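Reader: I have a structure open in front of me and would like to learn how to read its features. Could you take me through them slowly, with the general idea before each case?

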Amino acid sequence: MKAAIRRLGVVALAALFLSACSAEDTTVLYEADYPAYDSADALFAGSKLVIEGRLTGLKRVMTEAEPEDDATETDPQLNPNAGATPDGATPPAGPPTVMTVSSVEILKVHKGLARVGQVIQVKELGGTLDGVTYEEADTTPLKSGVTYMLFLETYPDSPASLLNPEQAKYVVTSAGTYSAMPENSVKLDDTDVQRLSVKE
């Protein structure tokens, strides 16, 4: 069951600026809302791509632009109030949406169009850009060298993203079991994976 509507992997995004120990250091804390899933079935159904993969250690940082406004809201001919701000004030610019992009080598494909051995790009909210650290609250970032089960949304012109930063990744243990993140109550076992995997 989805508890919210998804937009570019993030439904609502707010940022809180935090001062670090050094006067030159700044941390921006993101607060984001994502869809919530109540079962393995829901995670598989909501994903375009489900894989087991290992982070190669190669990461980069990117910024993601906000989607363009609806023309009916921004065109002065269609909306007389377009561009107007209270008391003529200029709205402050928000922080950039900073993403860390990880390279993931695919070990198994459970759903979607991909192949074993392929390296794909997966983005997560947060990273360090121009000396500023951007972090997402209450999430566990992907770690290099770890094998994960990932439930992904894919895009034609952007790296894939997790359906939910806590629920859409499981650590694949040395015993072949799936370990959920601390904030994820949805258990995943091999029976679920075998039952729900889709052969393309």
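Author: Let us begin with one residue, Asp138, which sits in the loop between strand S7 (132–136) and strand S8 (147–153). Helices (H or I, at least four residues) and strands (E, at least two) are DSSP runs, numbered from the N terminus. The model is a predicted one, in which local features need pLDDT of at least 70 and side-chain atom pairs count only at pLDDT 80 or more, while totals for chains, interfaces and linings use all residues. Residues are numbered from 1 along each chain as its sequence is written, and side-chain values use heavy atoms, with hydrogens and water left out.

Reader: Is Asp138 buried or exposed?

Author: Buried means under 20% relative accessible area, exposed over 50%, and partly exposed in between (1.4 Å probe, protein chains only). With 64% relative accessibility, Asp138 counts as exposed. Its phi is also positive, about 60°, although Asp138 is not a glycine.

Reader: Which other residue that is not a glycine has a positive phi, and where is it placed?

Author: Asp130 has a phi near 55°, and its place is in the loop between strand S6 (127–129) and S7. Asp130 is exposed, its relative accessible area being 75%.

Reader: How should I read a salt bridge, and how many are there?

Author: Side chains of opposite charge can pair when their charged atoms come close. A salt bridge is a side-chain nitrogen of Lys or Arg within 4 Å of a carboxyl oxygen of Asp or Glu, and by this rule the count comes to four. In one of them Arg195 pairs with Asp41, the closest N and O atoms being 2.9 Å apart. Arg195 lies in helix H3 (residues 190–196) and Asp41 in helix H1 (residues 40–46), so this pair ties together parts that are 154 residues apart in sequence. Arg195 is partly exposed at 47% relative accessible area, and Asp41 is also partly exposed, at 36%.

Reader: Which residues are joined with Arg195 into one network?

Author: Arg195 also meets Asp192 in a salt bridge (3.4 Å, N to O). Arg195 and Asp192 are three residues apart in helix H3, so about one helical turn separates them. Asp192 counts as buried, at 16% relative accessibility. Through salt bridges that share partners, Asp41, Asp192 and Arg195 are joined into one network.

Reader: What does the salt bridge between Glu124 and Lys169 link?

Author: The side chains of Glu124 and Lys169 meet at 3.4 Å, N to O. Glu124 is in strand S5 (residues 119–125) and Lys169 in strand S10 (residues 169–172), so that this pair links distant parts of the chain, 45 residues apart. Both Glu124 and Lys169 are buried.

Reader: What is a nonpolar core, and which residues of the largest one touch the most other members?

Author: A nonpolar core is a set of buried Ala, Val, Leu, Ile, Met, Phe, Trp, Tyr and Cys residues joined through side-chain atoms within 4.5 Å. The largest nonpolar core has 31 residues, of which Met149, Leu150, Phe151, Leu152 and Leu188 touch the most other members. At least two residues of this core come from each of H1, strand S3 (49–64), strand S4 (97–111), S5, S8, strand S9 (160–162), S10 and H3. S8 gives the most to this core, with five residues.
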